[in-house]
Structures are given as structure tokens and as C-alpha cells.
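Look at the protein model shown here. What can a first-year student read from its helices, loops and contacts?

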Amino acid sequence: MSLSVKRPARLNRLAEPQWEDWHWQLAHPITAEELGLPESTPFPLRATPYYASLADWNNPEDPILRQFLPDPREALPDPAYGPDPFGETGAAALAPGIKQRFPDRILAMVSITCSTYCRHCTRRGLLAEARPANLETLLNLLRSRPGVREVLLSGGDPLILPDETLLRWVDALAALPQLDAIRLCTRTPAVLPMRWTPALIDRLAASRRVWVQTQFNHPRELSPRAIQTIQAIADRGLPLSNQSVLLKGINDDPATQTRLCALLQRHRIRPYYLFDCDPIAGISHFRCPPSTAPRLREHLLAHLGGLACPRVVRDLPGAPHKTDV
């Protein structure tokens, strides 16, 4: 169970002018210190005021609250899982912050911070010591690997970067003829939608290479403000896809998943993947029984058209591709 805490009083003043300033949102996060909680794990508590305002603070089991509040079970021994099952750091990486698991795509961690730290994060044990990727190093690696046709800009969250830094990455990659797609792997449409300014959206759309790959895990994350941003992105022709994580007690029931996928499709986000929790330490309380994912897959196939049905998969270390449930 997540820790029970009181809603910060400042979240009651949502009409203040700075609320729509994404820089202000980043500079004034909800933290453990503000909530009177100890930093009991190496993975800090950090959430944007916007995302925290979506939660029902009177309910410790609220599906948004549980995604950013720490849980005492995170510190329990978890001998079956390690912090880096996919070898994203150390000798397995091509270079600091750059990893190639599959022949046609490369992932670059261009940022090592996020606006909101999700408690189920795959890289929760890595970010404190990770080093961000270097653009020139990535470009040289791509030129020596002509079979690579996609680059995933990840992190952390690449949308934490200033516009000029992010666009430097996008423009340099878009100039490579071998690339068909630049995936922006970002949670900001769900947790910091005001980050997507009209100027940034226009510049990203102009590259004609960017795909926005985001993560909505619960229907309530599709707030009116988030939908406003999604519509602006889609209206400029940027493709959107969603990768949800299957989380026990948050989105593991058929009604919630059906509602989430239908809402995503309505607002022009393709439900792409529904992942079983990755095999990492500290998130055992989020893992569902093995029967849950197949049951949800059958329910979604029976109740939604193909465009609204995500692939239900597991990402297994060493596997040559995602494994369908």
C-alpha cells in the first residue's frame, strides 16, 4: 500500500498564471520533503504539480497517486530481479547512454531526469549513475550501421531538455537518409502536457521523422488538459502511439483497460503495447499473476476493434523481440 499523505495546499490554487509554464512545473515539483516523507529508497519522489493535482489524495489506493508515491515494499529484498536486466549500462552499451538490442534500431538516453518519477520505471535503478548519450557519438555509430532505421530518444525523458537541445538532436538525426523514424519516448503528454508548446510542435512536425511514443496507464490521465495537448500534436501530423504498463491494482481489470484503449483511439493515439511489468527489482507489488495479461488480451480482442487493441507483450532479457502473451 502506498503511504497515506495529505494533499499539498498549493495544489488548490490551480488558476495561478504560472501553472501553464512548464518551466515552473519543473521547478516546483512535489517532493518527499514537502510531504513529510523520508527518502526511503534511492529512487526519489518527484511529481509535477499538474500530475499530482489529478490524484484523489483521500484514497491511498488512487491509481495516479500510487504511480508516483513511494511504497515501503520497494525496499523489500527481491533476489530474483536486478536493477539492469536489459544491460543498458556498463560493457553491454555501445557507448554511455547508447544501447542497441535489435538490429534496426538504437536507443539513446538523451536525458537522465524526468518531470515525474514513476514508481514502476524500468530504469529506476540506473538513472542515479547513468550518463546521457553524446550526439556526435550517436551520429558516428549510425553512419557505421546502415541497417539502423529507427532511433529512440529516451531517458529519463527527452522532453525535459530545452527546445534548442532537443531540436539539435532531432534535426541532426532527421538529416540522415537511413532513418525512417525518430521516436520521442516521453511521458510528458500524461504528466506535463504544457511542455508541448505550439512552437515546439511545429518544429518537430517539420522534421517529418518524429513519432511520439508516450505512456498513459489509466483513463484519468487523459484529462481535458492532456487531451488538449494530444489534439495539438495530432493536428500537426505527428503520429502518436501508447505503451502502457500493466500494474496491479491500477489498470489490471478489463473495464479500465477497455476504457483506456477506447479513449486513446478516440483521441488519435494508437494503443501500441501493453507491457507486463519488466523484470526489475523494487516493483514486485505492481506485478500481476501470470494469468492476468492473457485474460486482458482476450477481453480486449472481444470488445474492441483492432485499431484500439494493443499488443500484450513481455520484454524478456536476451529475447530477439517482444514476446506476445
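The questions below deal with a predicted model, going from the whole chain to single residues.

Q: How many helices and how many strands does the protein have?
A: The model is predicted. Helices and strands are runs of residues, and a helix needs at least four of them while a strand needs at least two. Counted in this way, the protein has 11 helices and 11 strands.

Q: What is the radius of gyration of the protein, and what does the globule rule give for 325 residues?
A: The C-alpha atoms fill a box of roughly 55 × 45 × 40 Å along the principal axes. For 325 residues the globule rule gives 20 Å, and the value for the protein is close to that, so the protein is as compact as a globular protein of that length. The radius of gyration itself is 19 Å.

Q: What share of the 325 residues is buried?
A: A residue counts as buried when its relative accessible area is under 20%. In the protein, the share of buried residues is 57%.
Contacts can also be sorted by separation in sequence: among those with a separation of 6 or more, residues 24 or more positions apart account for 78%. The buried share asked for is 57%.

Q: Are helices H5 and H6 roughly parallel or roughly antiparallel to each other?
A: Two packed helices are described by the angle between their axes and the distance between the axes. The axes of H5 (residues 135-143) and H6 (residues 163-174) come within 11 Å and cross at roughly 15°. Angles under 35 degrees count as roughly parallel. H5 and H6 are therefore roughly parallel.

Q: Which residues of H6 does H5 meet?
A: On the H5 side the contact uses Leu135, Leu138, Leu139 and Leu142. By class, the contact has seven nonpolar, no polar and one charged residues. The residues met in H6 are Arg168, Trp169, Ala172 and Leu173.

Q: Is the crossing of H10 and H11 left-handed or right-handed?
A: H10 (254-266) and H11 (residues 292-303) pack with their axes 10 Å apart and at an angle of about 50°. That angle makes H10 oblique to H11. Pro254, Gln257, Thr258 and Cys261 of H10 make the contact with Arg295, Leu296, His299 and Leu300 of H11. The crossing is right-handed.

Q: Is Arg208 buried or exposed?
A: Arg208 sits in the loop between helix H8 (198-206) and strand S7 (210-214). Its phi is near 60°, a positive value in a residue other than glycine. Most residues other than glycine have a negative phi. The relative accessibility of Arg208 is 74%, so Arg208 counts as exposed.

Q: What is the phi of Arg268 near?
A: Arg268 is placed in the loop between helix H10 (254-266) and strand S9 (270-275). With 42% relative accessibility, Arg268 counts as partly exposed. Its phi is positive although the residue is not glycine, and the value is near 65°.

Q: Is Arg183 buried or exposed?
A: Arg183 belongs to strand S6 (residues 181-185). Leaving out residues up to four places away in sequence, Arg183 touches Arg105, Glu150, Val151, Leu152, Leu153, Trp211, Gln213 and Tyr272. The relative accessibility of Arg183 is 10%, so Arg183 counts as buried.

Q: How many Å apart are Arg183 and Ala255 in space?
A: In sequence, Arg183 and Ala255 are 72 residues apart. From C-alpha to C-alpha, the distance in space is 30 Å.

Conventions:
Residues are numbered from 1 along each chain as its sequence is written. This is a predicted model: local features need pLDDT of at least 70, side-chain atom pairs count only at pLDDT 80 or more; totals for chains, interfaces and linings use all residues. Side-chain values use heavy atoms; hydrogens and water are left out. Axes are lines fitted to C-alpha atoms, for helices over the stretch in contact, and angles run from 0 to 180 degrees between N-to-C directions. Helices (H or I, at least four residues) and strands (E, at least two) are DSSP runs, numbered from the N terminus. Angles under 35 degrees count as roughly parallel, over 145 as roughly antiparallel, 65 to 115 as roughly perpendicular and the rest as oblique. Contact means heavy atoms within 4.5 Å. Ala, Val, Leu, Ile, Met, Phe, Trp, Tyr, Cys and Pro count as nonpolar, Asp, Glu, Lys and Arg as charged, and the others, Gly among them, as polar. The radius of gyration is taken over C-alpha atoms; the globule rule is 2.2 Å times the number of residues to the power 0.38. Buried means under 20% relative accessible area, exposed over 50%, partly exposed in between (1.4 Å probe, protein chains only). A crossing is left-handed if the near helix is turned anticlockwise from the far one by less than a right angle, and right-handed if clockwise.
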